[in-house]
Amino acid sequence: MEIERQVELFNKQATKYVRRVNQKNSDQKMRQRLLQGAQGDILEVSVGAGANFKYYPKTSRITAVDFSPAMIEQAKLVASEQSRQVDFHIGNVEEIDFPEKSFDTVISTLSLCSYPHPEKVLQKLSSWCKEDGQVLLYEHGISSNPIFAWLQHKTDAFFLKKQGCHMNRDILGLVQSAPLSIVRNESYMLNAVHLIWAKPKE
Ligand SMILES: C[S@@+](CC[C@H](N)C(=O)[O-])C[C@H]1O[C@@H](n2cnc3c(N)ncnc32)[C@H](O)[C@@H]1O
């Protein structure tokens, strides 16, 4: 899919994402569980409407990237409501550059499903993270349940067209092939949803 079309799709979903920010559900529980250890200089890629800001320490410096101007607009409102200072960048994560080893915590939630080249993004997340830093991931992908996995394969093209994201990526496989060491992994919902605590490979 053309990147411009994908940006358009996510622009249209921005208000839906902002409604999720204050919900109390399993999605928020996942975020809280993963992000309770976020600290220091934080980089969040594909930030969406800023659903994670409330889990970051008030003292953290936050840098956030997304290619959707509408998502960034919503995230700016959320940051302002929560009195968060955030350095926002509108850009494509696959193309943007940050200095190597410059963040203590690098975060992606529900974004590996949307990149054309997720392996390239994982490489970048690792390179932007300090050697003693952490990469925190909350991602969805292909289930280990054959019936659910069949459904995910069947509906993949539909979700890509309508929402700009893939249903059937092998998230653990991608992370295992990346220059990252997995410190801890928890999988939920028929192993289709993963919380991953990782660090750059030495
Ligand atoms: C499924 S939403 C998740 C948003 C947010 N991370 C969350 O957890 O609520 C995916 C987000 O990734 C952004 N995105 C997708 N591909 C991107 C890319 N190549 N560069 C920058 N942002 C991207 C979209 O605009 C959207 O905000």
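Q: What makes a pair of atoms a polar contact in this predicted model?
A: A polar contact is a pair of N or O atoms within 3.5 Å. The model itself is predicted.

Q: Why is the pair formed by the ligand and Thr 109 called a polar contact?
A: An oxygen atom of the ligand lies 2.6 Å from an N or O atom in the side chain of Thr 109. Both atoms are N or O and the distance is within 3.5 Å, so the pair is a polar contact.

Q: What makes Asn 92 and Ser 46 polar partners of the ligand?
A: A nitrogen atom of the ligand is 2.8 Å from a polar side-chain atom of Asn 92. For Ser 46, the partner is a polar backbone atom, 2.7 Å from a nitrogen atom of the ligand. Both distances are within 3.5 Å, so both pairs count.

Q: How much of the ligand does the protein bury?
A: The ligand exposes 590 Å² when taken alone, and the protein buries 98% of that.

Q: Which residues surround the ligand, and what makes a residue count as near?
A: A residue counts if one of its heavy atoms lies within 4 Å of the ligand. There are 17 such residues, the closest being Arg 31, Ser 46, Asp 66, Asn 92 and Thr 109. By class, this shell has eight nonpolar, seven polar and two charged residues.

Q: Why is the ligand said to sit in a pocket?
A: The term applies if more than half of a molecule's atoms lie within 2 Å of the pocket's grid points. The ligand sits in the largest pocket, so it passes that test.

Q: What forms the lining of the largest pocket?
A: The pocket has a volume of about 900 Å³ and is lined by 47 residues, with Tyr 17, Arg 20, Leu 110, Cys 113 and His 140 nearest its centre. The lining divides into 23 nonpolar, 17 polar and seven charged residues. At least two residues each come from α1 (3–20), α2 (26–35), β5 (129–140) and α5 (146–163); α1 gives the largest share, seven residues.

Q: What makes the phi angles of Met 189 and Leu 190 worth listing?
A: Phi is positive, near 50°, in Met 189, a residue other than glycine. Leu 190, also other than glycine, has a positive phi near 55°. Met 189 lies in the loop between β6 (180–188) and β7 (193–200), as does Leu 190.

How values were computed
Residues numbered from 1 in each chain as written. Predicted model: local features only at pLDDT ≥ 70, side-chain atom pairs only at ≥ 80, totals over all residues. Heavy atoms only, no water. Polar contact = N/O pair within 3.5 Å; in protein donor to acceptor, adjacent residues only side chain to side chain. Areas by Shrake-Rupley, 256 points an atom, 1.4 Å probe, with all protein chains shown as cover. 1 Å grid on protein atoms, 1.4 Å probe; cavity = no way out; pocket = protein on both sides within 12 Å on 5 of 7 lines; lining within 4 Å. Nonpolar A, V, L, I, M, F, W, Y, C, P; charged D, E, K, R; others polar. Points joined across faces, edges and corners; volume = space filled by probe spheres on them. Helix = DSSP H or I, 4+ residues; strand = E, 2+ residues; numbered from the N terminus.
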